[in-house]
Amino acid sequence: MPDTTQTTVHQHKTFIDINYAGKQLQKREFIKCEFVRCDFSKSELSHNDFVDCQFSQCNFSLTQVVGTGFSNITFTDCKILGIDFSTCNKFMFSFSFRGCILDYSTFYGAKLRKTAFINCSLREVDFESADLSLAVFSNCDLTATSFNRTILEKTDFRTAQHFSIDPALNNMKKAKFSSANLAGLLDHFKLDIGG
């Protein structure tokens with residue numbers, strides 16, 4: 001009888017314009033692979049592993065990632081809407097995001113130290129109880145994003161926009177801000193800050 005527990009390993013492969021939308025991938029491990037313009041929307045990627053992979057112009061809207069391992073992953077110009085990253089494999093969890101739309105996603109309790117978010121939309125993202133120390137939000141839109149009991153030590157918000165962070169509810173030691181965006185730290189006081 002064939003071994004149904006065997007994991008299929010893909011190494012150094014490039015996947016272009018593949019439509020995985022609504023499909024289920026099982027027992028797969030992708031190492032140093034590249035995905036270009038692939039559609040993973042509403043797909044089931046749970047319990048697969050991605051290591052040293054790059055995703056470019058891919059769609060991950062409402063994708064399921066329970067127990068999925070993402071180690072040293074680069075997302076560029078991807079649509080990553082409504083994903084619950086808090087359910088991923090905690091031992092394989094490192095990313096960088098450039099030019100991505102991450103709106104409505106959840107990183108509750110996630111370890112995101114040194115994560116780079118460059119030119120991203122992070123509207124209504126949940127970072128509650130996450131560790132974002134030394135992370136960078138470069139030119140990112142943080143409208144209605146939730147920071148509560150979040151570790152923001154040395155986090156760089158200097159070019160971030162539209163955030164609202166209560167310093168009393170978060171660990172913000174040596175977090176970086178510019179004089180132009182300090183108002184986002186005072187929202188909870190309901191002050192009228194004129195330009």
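The legends below describe an overall view and several close-up views of a predicted model.

**View 1. Overall fold of the predicted protein.** The secondary structure comes to 10 strands and zero helices. Along the sequence the pattern reads β-β-β-β-β-β-β-β-β-β. The radius of gyration is 18 Å, close to the 16 Å that the globule rule gives for 195 residues, so the protein is as compact as a globular protein of that length. Along the principal axes, the C-alpha atoms fill a box of roughly 70 × 30 × 25 Å. Of the 195 residues, 44% count as buried. Among contacts with a separation of 6 or more, 3% come from residues 24 or more positions apart.

**View 2. Surface and charges of the whole protein.** The accessible surface comes to about 10200 Å². Carbon and sulfur atoms account for 49% of this surface. The protein carries 21 positive and 21 negative charges, and the mean positions of the two sets are 5 Å apart. Side chains of opposite charge can pair when their charged atoms come close. A search of the whole structure finds five salt bridges, and three of the pairs are described in the next views, namely D52 with K32, D141 with R123 and R149 with E128.

**View 3. The salt bridge between D52 and K32.** The closest N and O atoms of D52 and K32 are 4.0 Å apart. The pair links distant parts of the chain, 20 residues apart. D52 sits in the loop between β5 (49-51) and β6 (54-56), and K32 in the loop between β3 (28-31) and β4 (34-36). D52 has a relative accessibility of 30% and counts as partly exposed. K32 is also partly exposed, with a relative accessible area of 44%.

**View 4. The salt bridge between D141 and R123.** In this pair the closest N and O atoms are 3.0 Å apart. D141 lies in the segment after β10 (136-138) and R123 in the loop between β9 (116-118) and β10, so the salt bridge ties together parts that are 18 residues apart in sequence. D141 counts as buried because its relative accessibility is 14%, which is under the 20% cut-off. R123, at 36% relative accessibility, counts as partly exposed.

**View 5. The salt bridge between R149 and E128.** R149 and E128 bring their closest N and O atoms to 2.7 Å. This pair links distant parts of the chain, 21 residues apart, with R149 in the segment after β10 and E128 in the loop between β9 and β10. R149 is partly exposed, with a relative accessible area of 48%. E128, at 17% relative accessibility, counts as buried.

**View 6. T7 and its contacts.** T7 lies in the segment before β1 (8-11). The relative accessible area of T7 is 36%, so this residue counts as partly exposed. Leaving aside neighbours within four places in sequence, T7 is in contact with K27, R28 and E29. L25 is 18 residues from T7 in sequence, and the C-alpha atoms of T7 and L25 are 11 Å apart in space.

**View 7. D17 and I18 in the loop between β2 and β3.** D17 lies in the loop between β2 and β3, and I18 is placed in that loop as well, with β2 spanning 14-16. Phi of D17 is near 55°, a positive value in a residue other than glycine. D17 is partly exposed, with a relative accessible area of 48%. I18 is partly exposed too, with a relative accessible area of 32%. Apart from its neighbours within four places in sequence, I18 is in contact with R37, C38 and D39. The C-alpha atoms of I18 and T76 are separated by 17 Å, and these residues are 58 residues apart along the chain.

**View 8. L62 in the loop between β6 and β7.** L62 has its place in the loop between β6 and β7 (69-76). Phi of L62 is near 60°, a positive value in a residue other than glycine. At 46% relative accessibility, L62 counts as partly exposed.

Technical notes:
Residues are numbered from 1 along each chain as its sequence is written. This is a predicted model: local features need pLDDT of at least 70, side-chain atom pairs count only at pLDDT 80 or more; totals for chains, interfaces and linings use all residues. Side-chain values use heavy atoms; hydrogens and water are left out. A salt bridge is a side-chain nitrogen of Lys or Arg within 4 Å of a carboxyl oxygen of Asp or Glu. Helices (H or I, at least four residues) and strands (E, at least two) are DSSP runs, numbered from the N terminus. Buried means under 20% relative accessible area, exposed over 50%, partly exposed in between (1.4 Å probe, protein chains only). Contact means heavy atoms within 4.5 Å. The radius of gyration is taken over C-alpha atoms; the globule rule is 2.2 Å times the number of residues to the power 0.38. Accessible areas come from the Shrake-Rupley method with a 1.4 Å probe; for residues, only the protein chains shown count as cover. Lys and Arg count as positive and Asp and Glu as negative; His and the chain ends are not counted. The place of a charge is taken as NZ of Lys, CZ of Arg, CG of Asp or CD of Glu.
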